[in-house]
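Reader: I'd like to go through a model together, one question at a time. Could you show me the sequence and the structure?

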Amino acid sequence: MFRFGYELLELANSQNKKLSEIVLEREIELTGASAEEIRERLYQSFEVMKASANEAMNKEVKSVGGLIGGDAQRVNQYSQNANSLCGSTVMLAAARALSCSEVNASMGRICAAPTAGSCGIVPATITTAAEALNADKETVIDGLLVAAGIGVIIQTNATVSGAEGGCQAECGAAAAMAAAGMVEMSGGTPEMSLEAASICLKNIMGLVCDPIAGLVEAPCAKRNASGAVNAMISTDLALAGVKSIIPFDEVVEAMYEVGKSLPFELRETALGGVAATKTGKEIMKRVFG
Amino acid sequence: MAIKQYGIFDILGPIMIGPSSSHTAGAARLGKVAKGIVGVDFDSVKFYLHGSFAKTYKGHGTDRALVAGVLGMDPGDENLRHALEMAEEKGIGIEFIEADLGSYQHPNTVKLVFETKGGREVDITGSSIGGGSIVITNIEGTDVSLTGNRPTLVVKHKKLEGIVTKVTKVLGEDDITVDIMKVERSTHRDEAVMIIEVESNIGSNVLRDISEVEGVILTRAINPL
């Protein structure tokens, strides 16, 4: 049983296994379920993820609060037609992340990954990576296992709650999970998975949770899009051989410390950040009267 | 206390109705677990909302989710968004009150006060601690720490000699295997609380048998969702 990243890595390296195998073995030990049951259940979760990543791609899904809706469709069309700087793969991932967030904000069905506010990043990146890499079902499940393993470590030793740790704890954790998963899907080493996760968390360290009018709509949806891109760039950096100077477990600890030191106003209370701007307050008034 | 062991479906999951795992899915679970602890029909529920729950509950659908939970819905139920209307149709009184439950409380904390059909008030406090996970922290004045992931018995009792043996004997007779058991002091000096994690779900017959043991004041069961 691993609790920290270095333990996960040691288990994989000493037994010459993939990270996904170690995470699966831990889950079997924890729950008593069989490998097949766990893998199949994970794939069922992935079906929910895929559905939410597709739902708003070709139609406008309006949020309950009315702040967002239609951006996934816009970015999807742009990714197909325009000569974007990011390229169609990255733009498609961004559109899918927006789609999940829009579905979530419409009180639609999603799979929290690790939370609902950050539910776009893992689905968008894993589906897009699967297409780009021409990955089969088993490879996708392996990617999800690694992502879940990284999430387990972050939740155990820090937090994935925006109310506790700010957006860095939600969209940061989601991106770190996704990046580590995509590294394994791409054939990278266990070390590279952890490097990618570390890079992701560092990239958004300190990011506050400041939902306008307290709604999980804005800036949440766009932070899912940027979180997906953060995950993809971190994956590629790690695969290129870039290393995080600070080890993963210390980055997680730092993220937690930063989260705890964020004032109450910047942890999902809608009292700070862009929620507390003139426009943010006006929107709050308009939504709640 | 031992570190909580999160499983992969605590992280990739729950499959839920949006928009917030801590404010919507966690709230629905809190409601449903609390309903299970109360165990009898009720006329009304008052929700005392603390911290972030108090500040943002409307925008996150926390109100609808809590009510969906006490109506017995799961966090992934597509009817969750209609919970307020459904409670009204059933004639269940619902009230939301912004409250300060204490600075030591988790920011997403709610105290639910049920008015049962028998005219009794049952209060339960719990927090939504992220990703849809919850912890029940107080049942009718007794501090506990229950995640709702394992079947658990909470037995408040007078400090009588041999009472622990009598309670576990009842469990044995009802074919319930004890996993973890601890006895804690209550706020009342002549009383104590047994927290008993067991291997299988707890039926009403078990609760009835335990409540008949001499000195038992209150028996509550939490069965995982």
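Reader: Which residue in β7(B) does B:Asn138 stand opposite?

Author: First, some housekeeping: this is a predicted model, where local features need pLDDT of at least 70, side-chain atom pairs count only at pLDDT 80 or more, and totals for chains, interfaces and linings use all residues. Residues are numbered from 1 along each chain as its sequence is written, chains are lettered from A and ligands numbered from 1 in the order in which they are written, and side-chain values use heavy atoms, with hydrogens and water left out. Strand β6 (residues 133-139) of chain B runs antiparallel to β7(B), with three bridges between the two; strands (E, at least two residues) and helices (H or I, at least four) are DSSP runs numbered from the N terminus, and two strands pair if DSSP finds at least two bridges between them. The residue opposite B:Asn138 is B:Asp143.

Reader: And which are the edge strands of that sheet in chain B?

Author: The sheet is open and mixed, with six strands in the order β3-β2-β4-β5-β6-β7. An edge strand here pairs on one side only, and that picks out β3 (93-98) and β7 (142-146) of chain B.

Reader: At about what angle does helix α2 of chain B run to β5(B)?

Author: Helix α2 (residues 21-38) lies across β2, β4, β5 and β6 of chain B, where contact means heavy atoms within 4.5 Å. Axes are lines fitted to C-alpha atoms, for helices over the stretch in contact, and angles run from 0 to 180 degrees between N-to-C directions. For α2 against β5(B), that gives about 150°.

Reader: Which helix gives the largest share of the largest nonpolar core?

Author: A nonpolar core is a set of buried Ala, Val, Leu, Ile, Met, Phe, Trp, Tyr and Cys residues joined through side-chain atoms within 4.5 Å; buried means under 20% relative accessible area, exposed over 50%, partly exposed in between (1.4 Å probe, protein chains only). The largest one has 70 residues, and A:Phe248 and B:Leu12 are among the members that touch the most others. Its largest share, 14 residues, comes from helix α9 (residues 167-185) of chain A.

Reader: Why is A:Cys167 not bonded to the closest cysteine sulfur, in A:Cys171?

Author: A disulfide needs a pair of cysteine sulfur atoms within 2.5 Å, and the count over all chains is zero. A:Cys167 counts as buried, at 10% relative accessibility, and A:Cys171 does too, at 7%. The two are not bonded because the sulfurs are too far apart, at 3.7 Å.
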